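Open your viewer, turn on the cartoon view, and get ready to select residues as we go. This is a friendly walk through one structure, stop by stop.

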Amino acid sequence: MGNAPAKESRSRSHSQASTTSMISNLLPTILSSLGAGRSRARSYSGAFSVNTNNTNSAGLLGILGGSNSIGSAGGDKKKRQEEKVKQKELHYQDLVVRYYENVDGGYLAPYGTYKSNLDFNTEIVRNLVIARRLAPFYTPLQDFDPSWSDNELVVLLSQLTLHLIETAYSEDEDEDDDIDSRKLHKSANYYRRQEQRTKLKQIIAVAKETQKHEEQVFLEDKLKLKSTQSQDQSQILDLPSRDLLLALYRNASECPICFLYFPQHFNISRCCHQPICSECFVQIKRLDPHPPHDDPSQTSSNPNETPHTLISEPANCPFCAMPDFGVTYTSPSHISTGIEGMTKPGLFKSFANIPEDDSVIMDVSPSSPATGSSSLSPQRRSRMSGSSPVGGGYPARRRSSLAASDPAVVTIDMIRPDWEQKLISARNRLARKAATATAIHASNLLIDDNNSGRSSQAGSVLLRTMEDRMVEEALRLSLLDEEERRRKAQEDT
Amino acid sequence: MAALPKRIIKETERLVSDPVPGITAVPSDDNLRYFHVTIDGPDSSPYSSGVFDLELYLPDDYPMCAPKVRFLTKIYHPNIDKLGRICLDVLKDNWSPALQIRTILLSIQALLGAPNPDDPLANDVAEDWKQDEKRAVQVAKEWTEKYAKSKEIATTSTTEESV
């Protein structure tokens, strides 16, 4: 790499400057193209004057791919790259938290506690949340004290943002993540890498802007709700009611991984019944493909097999180390709001007159001491609403462990279905490296051969064997490529 | 620098409020992800008379990846090399985000009590250990006396060091 870092950092700061200036142009395009592709609960008009007729959805690709012609060969490749860019855009747009995309008081995208490892399949995760098979991404509380009064709790909750924008989009994530895999790719030249990085930066910057915009919408609607209590605008109904907030957070408990406080409806590990919040769950993933043992002597024993000995194992349960980590989730029976829910979160009312006998939830968490606030009885009621006979579902009443293949279980491989593809490409990469080494080795022999005289019998034999070996190698490589291509084609269908 | 995750703050608080006997971990003033650590040699081990200095760093991805821990005090142990690097599964592939600073330091303390010469990091030490365990234990004792702080002195000097 030599002096590359200095160069990179220079161009990075440059691209940053240009990125911000581009955002204002790009945002409407992206929003409109996304709006067309997916049905969003809300139109994106208002803050931006979008003319959907004029901005076609390829606009962004046009801009981002504008300088693409430098290194690209053939329209097919270009198309594939554009497809990749488009997927990246969707991925990052899916990671934006929008308050009107809510399920049982939580959201479809993580809060932003972690900034890396968000390479899970967002579409799958969104659908799992909507299907109530994975806990929604609740906004965490940094602290929680059961002695807080309901009013204190509600005030605190109403001040929370949708997303930890500064942590999640902070700038020092340059070198890691998905870009790395392409950086190792030997065919990628410097310019292309640079270009891809810039593109990704732009996509992320646009996502960040979108998140800022969503935050603004959230804030404005909250204010609107405060000022016009009676008006029932459909979007404002997507803001959680006081009852809903209390039903969720009155008995908040701590996620054992991130130490943040969430509503009690956690995902439960399939093996050992431990709670884990969705944001931590989507962080857990397979280790990168690696040789079976750390011991290098074992892998090098058979050099021909090296590329194929790379393995990838399913992640273990963080709590009990059981292989193939998976969770189940039971949505609270008394809360069913938002997407595919029974009511809008703004309309959620806890039912009065539920007797105080439902100790189901109370035996799990220390019962909250009576709060000395003025309006005790409504608070009581709302708190009680968190405990219908079936229970607010702490450990979901599941007594036994479940197999990873159980239909109720969501495994970490389900949300990253590309792991197999990654393993294959890692193997191919290694194979290609090995082939290059062989080729270099072979060509060295050829040169030696030239020097020693072409006519000699021994030389021509050597030459032929060299040629054979190179042809063999080329065949092997093309077989690998073909395999990869077929796999890709299969995945597409 | 990005804000410190709640998890690190809480772990630090809990290390202070509920310390582990025989282990201290104090965050550095200028970098709260960097900890000065001391571990008492476990009783009935050749390290029992010593207090060992370590450094611990929580990388950006913590707790999704393991903390980086290294012995600063010279130690004669088959799973700890000259640079103080430690061969311990939970510091590598067997790391789990459910583990904590506390548990990882306890694992290291346990490693002092149970050297594993069959999975060595310091090959020469492991060889000695396998060939003549008595002698190896003797050397470990000598090194402990020579390089590690003695427990009696350490109790007074730790307060000084944390300043």
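What follows is a tour that tells you what to select next and what is there. Keep in mind that you are looking at a predicted model.

**Stop 1: where the chains meet**

Color chain A and chain B differently and turn to the place where they touch. How many residues does each chain bring to the contact? Chain A gives 21 residues and chain B gives 15 residues. The area buried between chain A and chain B is about 1,500 Å², and 56% of that comes from carbon and sulfur atoms. To find the residues of chain A that lose the most area to chain B, select A:I257, A:F259 and A:P318; together they make up 34% of what that side buries.

Now look for charge and polarity here. Side chains of opposite charge can pair when their charged atoms come close. Across the interface of chain A and chain B there are 3 salt bridges. To see a salt bridge between chains, select B:K6 and A:D143, whose closest N and O atoms are 3.3 Å apart. The interface of chain A and chain B also has 6 residue pairs in polar contact. On the side of chain A that touches chain B, the residues divide into 12 nonpolar, 4 polar and 5 charged.

**Stop 2: two helices held by charges**

Stay with chain A and show helix α14 (residues 419-451) and helix α15 (residues 457-492). Select A:R432 and A:D481: their side chains meet in a salt bridge, at 3.8 Å from N to O. Because A:R432 lies in helix α14 and A:D481 in helix α15, the pair ties together parts that are 49 residues apart in sequence. Is A:D481 buried or exposed? It falls in between: at 38% relative accessibility, A:D481 counts as partly exposed.

Add A:E484 to your selection. The side chain of A:E484 also meets that of A:R432 in a salt bridge, at 3.9 Å from N to O. This pair links distant parts of the chain too, with A:R432 in helix α14 and A:E484 in helix α15, 52 residues apart. A:E484 has a relative accessible area of 14%, so this residue is buried.

Next, select A:N428, which is in helix α14 of chain A. A:N428 is buried, with a relative accessible area of 4%. Leaving aside residues up to four places away in sequence, A:N428 touches A:L480 and A:E484.

Now pick a pair within one helix: A:R486 and A:E482 form a salt bridge, with the closest N and O atoms 3.7 Å apart. An α-helix has 3.6 residues a turn, so residues three or four places apart point the same way. A:R486 and A:E482 are 4 residues apart in helix α15, so about one helical turn separates them. A:R486 is exposed, at a relative accessible area of 53%, while A:E482 is partly exposed, at 29%.

**Stop 3: a network of charges**

Select A:D119, A:K285, A:R416, A:D418 and A:K422 together. These residues are linked in a network of salt bridges. Over all chains, the structure holds 26 salt bridges.

**Stop 4: one helix from end to end**

Show helix α3 (residues 75-94) of chain A. Its 20 residues reach 28 Å from the first C-alpha to the last, close to the 28 Å expected at 1.5 Å a residue. Which residues of α3 in chain A are buried? They are A:Q81, A:V85, A:E89, A:H91, A:Y92, A:Q93 and A:D94.

**Stop 5: unusual backbone spots in chain A**

Select A:R132, in the loop between α4 (122-130) and α5 (150-158) of chain A. A:R132 has a positive phi of about 60 degrees although it is not a glycine. With a relative accessible area of 13%, A:R132 is buried.

Then move to A:D324, in the loop between α11 (296-299) and β7 (326-328) of chain A. A:D324 is not a glycine, yet it has a positive phi of about 60 degrees. At 24% relative accessibility, A:D324 counts as partly exposed.

**Stop 6: a walk along chain B**

Finish by hiding chain A. Chain B has 5 helices and 5 strands, and from the N terminus on its elements run α-β-β-β-β-α-α-α-β-α. Of its 163 residues, 45% count as buried. For your last selection, take B:Y62 and B:P63, which are joined by a cis peptide bond with omega about 10 degrees. B:P63 is in the loop between β3 (50-57) and β4 (68-71) of chain B.

Conventions: Residues are numbered from 1 along each chain as its sequence is written. Chains are lettered from A and ligands numbered from 1 in the order in which they are written. This is a predicted model: local features need pLDDT of at least 70, side-chain atom pairs count only at pLDDT 80 or more; totals for chains, interfaces and linings use all residues. Side-chain values use heavy atoms; hydrogens and water are left out. Contact means heavy atoms within 4.5 Å. Buried area is the accessible area (1.4 Å probe) that two parts lose on being put together, summed over both. A salt bridge is a side-chain nitrogen of Lys or Arg within 4 Å of a carboxyl oxygen of Asp or Glu. A polar contact is a pair of N or O atoms within 3.5 Å; within protein, one must be able to donate a hydrogen and the other to accept it, and residues adjacent in sequence count only if both atoms are side-chain atoms. Ala, Val, Leu, Ile, Met, Phe, Trp, Tyr, Cys and Pro count as nonpolar, Asp, Glu, Lys and Arg as charged, and the others, Gly among them, as polar. The expected span of a helix is 1.5 Å times one less than its number of residues. Buried means under 20% relative accessible area, exposed over 50%, partly exposed in between (1.4 Å probe, protein chains only).
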